[in-house]
Amino acid sequence: MMAESSTEAVMIDGSTWRRGRIQLLAIGGIAIVCCLGAVFVEPRRLLFSYLTAVLFFVTLGWGAMFFVCMHHLTGAVWSVSLRRLMEGVMMTLLPAAIAFVPLLFGLSELYEWTHSDVVAADALLSEKRGYLNQPFFLFRTLVYFGVWGTGSLLLYRRSVEQDRASGSDRHEDVGRWSGPILIATFVTVTFASFDWLMSLEPHWYSAVFGVYVYSGSVVGFVAVLILIVQACHAGGKLREIVHVEHQHDLGRWLFALTTFWAYIAFSQYLLIWYANIPEETVWFQKRLEDGWRVVAQVLVIGHFAVPFFVLMSRRAKRNQRVLVLTAGWVLLMHYLDLYWIIMPALTSSAAFHWSDAAALLAIGAVVGSGVWWLFRDRPLVAVGDGRLAESVALRRTE
C-alpha cells in the first residue's frame, strides 16, 4: 500500500511478541499469588481492590467502544491510522468479563442489599428489592457483558475481514451497526454504573452518575491510547503512520473530554449541594471527610486543572513528551477517581493498600494478555482500509 505500511512497521515480530507474553505471564503470576495471599489475610479489602481494578479496565473498554463507533458513524479519516489500536483496547471487554467472575462470589461482602435481614429492617432498601436482588443483578451483569462482547466482536471481526478482502471498503457497512451498538452501550454502561458502583451505598442516588462514569471512561481511554502510540513508537512501529498530526488530534480530544468530565462532575455536585437532601448529600459527605477530602482535592486539581492548563496551547498538544506525560497523569487520575468512588464504602481511611497494586497488576496482566494475543500475527493498523493513505498523509497548516 505504501512504504510506511511495510511489514516491519506495522507488525510485532515473533521474538518481541514472545518476550511480551512471557513478561505478562510473569507479572500476572506474581500478582495472582499475592491476591491469593490476600484472600487469607484481608479478603474483604481484596474484593474492593479487585472491583476497582476490574472496573478500571472495563471503563477503558467502554471508552474504546465509544470511539470506534463514533469513528464509523462519522466516517472520520484522521483516526483510520489509530483504529486497530482502538479496537484492541475495545477487545479488553472480553477478558475483563472473565476477570469479573470472581466478584460474583463475593457480592455479600461488597453490597449490603444482598443481606435479607438488612433489607427487611430498612424501608428504603425494601422498596428497591425488586431491582436490587441477586438473581436480577446477575442477569443484568450477563446482559451487559453480552451486549459489549457481541458489539466488540462484530466491530472487530468486520475490521479484520476488511484487511483480508484486499482493500475493500466496508466502513459504511460497519457504520450501520455502530449506531445501535453505541446506543446499547450507553444504556448498559449507565445501568452497570448504577449496579456495580452506586449500589455499593444503595441509599444514595444520582441521575447524572452514569454520564459521570462514562465520561471518565472516555477520558481514560484517550489517555491510554496516547500511551500505546508512544509504546509503538518506542518499539520502532507506526512512526510514519501515526505522526504528530494524529497526536495533536488526540491531545485535542484529551483536552475537550477532560473539560466535559469536569463539567459533569461539577453539575452532579452542584445539584446535590443545592438541593441539600440527606439521601443525596451523604455520599459526598463521606468523600469530603478525613483523608478522602484530600483525594477529592487532588481530583479537582489533577483530573481537571492540570491537563486543562497544560493542553490549552497548540504547542503542548504537538509535543510528544508533554502529551505522553499528561496522558500518564490523566490515566492515574482516572484510577484515583474510581478509587474515590469505591473505597469509601469500605473504609474511612484513604490509605492505599498493597492489595490494590496486586489486583491492578493481576487484572492488567490478564487483560493485556488477551489484547497481546490479538496482535500475534495481525497488523497494528487497518491495512485494508482504503482511506489509510489519506489518514497517513494528514497535514494541517493552522
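A residue counts as buried when its relative accessible area is under 20%, as exposed when that area is over 50%, and as partly exposed in between. Keep that scale in mind as we walk through this predicted model.

Let's start on the outside, with Val 39, which sits in helix α2. Its relative accessible area is 40%, so Val 39 is partly exposed. Val 39 also has company: together with Ile 32, Leu 36, Phe 40, Val 41, Trp 354 and Val 366, it forms a nonpolar patch on the surface. The accessible area of these residues together is about 700 Å². Two helices, α2 (14-41) and α17 (354-374), each supply at least two residues of the patch, and α2 gives the most, with five.

Now let's head inside. The largest nonpolar core holds 121 residues, and those with the most contacts inside it are four tryptophans: Trp 62, Trp 148, Trp 196 and Trp 340. Helix α3, covering residues 43-74, gives the most to this core, with 18 residues. For a closer view, pick Trp 196: leaving aside residues up to four places away in sequence, it touches Trp 62 and Trp 148, and its other contacts include Leu 51, Leu 55, Val 58, Phe 100, Tyr 111 and Phe 137.

Finally, a look at the cysteines. How many disulfides does the structure hold? There are zero. Take Cys 35: the closest cysteine sulfur, in Cys 34, is 7.0 Å from its own sulfur, so the two are too far apart for a bond. Cys 35 is buried, because its relative accessible area is 10%. Cys 69 counts as buried too, with a relative accessibility of 0%.

Key: Residues are numbered from 1 along each chain as its sequence is written. This is a predicted model: local features need pLDDT of at least 70, side-chain atom pairs count only at pLDDT 80 or more; totals for chains, interfaces and linings use all residues. Side-chain values use heavy atoms; hydrogens and water are left out. A nonpolar core is a set of buried Ala, Val, Leu, Ile, Met, Phe, Trp, Tyr and Cys residues joined through side-chain atoms within 4.5 Å. Buried means under 20% relative accessible area, exposed over 50%, partly exposed in between (1.4 Å probe, protein chains only). Helices (H or I, at least four residues) and strands (E, at least two) are DSSP runs, numbered from the N terminus. Contact means heavy atoms within 4.5 Å. Patches are made of residues with over 30% relative accessible area and no salt bridge: like charges are joined within 9 Å, nonpolar side chains (Val, Leu, Ile, Met, Phe, Trp, Tyr) within 5 Å. Accessible areas come from the Shrake-Rupley method with a 1.4 Å probe; for residues, only the protein chains shown count as cover. A salt bridge is a side-chain nitrogen of Lys or Arg within 4 Å of a carboxyl oxygen of Asp or Glu. A disulfide is a pair of cysteine sulfur atoms within 2.5 Å.
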